[in-house]
Amino acid sequence: RKLGLAGAPTLHLHFVGCDRVEADSISTAEHYLDPLIMALPENVRHVTCSLVGPKINPELHGKTSHKVLKNTSVLFQFVALVYDEFMEHPMFDAPSLILLYNAGIWGFESWQHSLRVLLRTLPC
């Protein structure tokens, strides 16, 4: 509710800076993200979870997986790119929310360009 997403029946969630911890396999991604999806408001009927990061399992790049949780249709998509490249990818949809879980933005200069593009392009 605090994020202004409570009334939205469709959400596009971008998980940025993923690596093999969250995206080694489809089942790994589900293990980490299912609890979040289960906590969403009941009116949410469709969720797209884009797991983005150059260090996800490269075998997952471009793959999708679908499931239903708590009457919510969930699409997982995997993109092994940095975020600003993902913004040009066919799988890109404007996000409802962007999440960076321990993405290492403090320790890698490679984040600078993506963060500038993200902040300049998307509403924050």
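In the predicted model, aspartate 34 and lysine 67 form a salt bridge in which the closest N and O atoms are 2.7 Å apart. Aspartate 34 belongs to helix 2 and lysine 67 to strand 3, so this pair ties together parts of the chain that are 33 residues apart in sequence. The side chains of these two residues are also joined by a polar contact of 2.7 Å. Aspartate 34 counts as buried, at 17% relative accessibility.

Lysine 67 has a further salt-bridge partner in glutamate 30, with 3.8 Å between the closest N and O atoms. Here too the pair connects helix 2, which holds glutamate 30, with strand 3, which holds lysine 67, and so ties together parts that are 37 residues apart in sequence. Glu30, Asp34 and Lys67 are thereby linked in a network of salt bridges. Glutamate 30 has a relative accessibility of 19% and counts as buried. Lysine 67 is likewise buried, because its relative accessible area of 19% falls under the 20% cut-off.

The surroundings of lysine 67 extend beyond its two acidic partners. With residues up to four places away in sequence set aside, lysine 67 touches Glu30, Asp34, Thr72, Ser73, Val74 and Phe76. Lysine 67 itself is placed in strand 3, which spans residues 64-69.

The structure holds 3 salt bridges. One of them joins the side chains of aspartate 24 and arginine 20, at an N to O distance of 2.9 Å. Aspartate 24 is partly exposed, with a relative accessible area of 32%. Arginine 20 is also classed as partly exposed, at 44% relative accessibility. In general, side chains of opposite charge can pair when their charged atoms come close.

The strands form an open sheet of 5 members with mixed pairing, arranged in the order 3-4-2-1-5. Strand 3 and strand 5 (97-99) occupy the edges; each has a single partner strand, so one side of each lacks a neighbour in the sheet. On average, and with direction ignored, neighbouring strands of the sheet are turned by 20° against each other. The pairing of strand 1 with strand 5 is parallel and comprises 3 bridges. Within strand 5, isoleucine 98 is the bridge partner of histidine 14. Helix 2 lies across strand 1, strand 2, strand 3 and strand 4, and runs at about 135° to strand 4.

The largest nonpolar core contains 20 residues, of which Ile37, Cys49, Leu51, Phe76 and Phe78 touch the most other members. At least two residues of this core come from each of strand 1 (10-16), helix 2 (26-38), strand 2 (46-52) and strand 4 (72-79). A second core, separate from this one, has 10 residues, including Val16, Val52, Leu81 and Met91. As a general tendency in soluble globular proteins, nonpolar side chains are buried together.

Isoleucine 37 illustrates the contacts made within the region of the largest core. Apart from neighbours within four places in sequence, isoleucine 37 is in contact with Cys49, Leu69, Lys70, Val74 and Phe76. Among these contacts, Val74 and Phe76 are also touched by lysine 67.

Key. Residues are numbered from 1 along each chain as its sequence is written. This is a predicted model: local features need pLDDT of at least 70, side-chain atom pairs count only at pLDDT 80 or more; totals for chains, interfaces and linings use all residues. Side-chain values use heavy atoms; hydrogens and water are left out. A nonpolar core is a set of buried Ala, Val, Leu, Ile, Met, Phe, Trp, Tyr and Cys residues joined through side-chain atoms within 4.5 Å. Buried means under 20% relative accessible area, exposed over 50%, partly exposed in between (1.4 Å probe, protein chains only). Helices (H or I, at least four residues) and strands (E, at least two) are DSSP runs, numbered from the N terminus. Contact means heavy atoms within 4.5 Å. A polar contact is a pair of N or O atoms within 3.5 Å; within protein, one must be able to donate a hydrogen and the other to accept it, and residues adjacent in sequence count only if both atoms are side-chain atoms. Two strands pair if DSSP finds at least two bridges between them. Axes are lines fitted to C-alpha atoms, for helices over the stretch in contact, and angles run from 0 to 180 degrees between N-to-C directions. A salt bridge is a side-chain nitrogen of Lys or Arg within 4 Å of a carboxyl oxygen of Asp or Glu.
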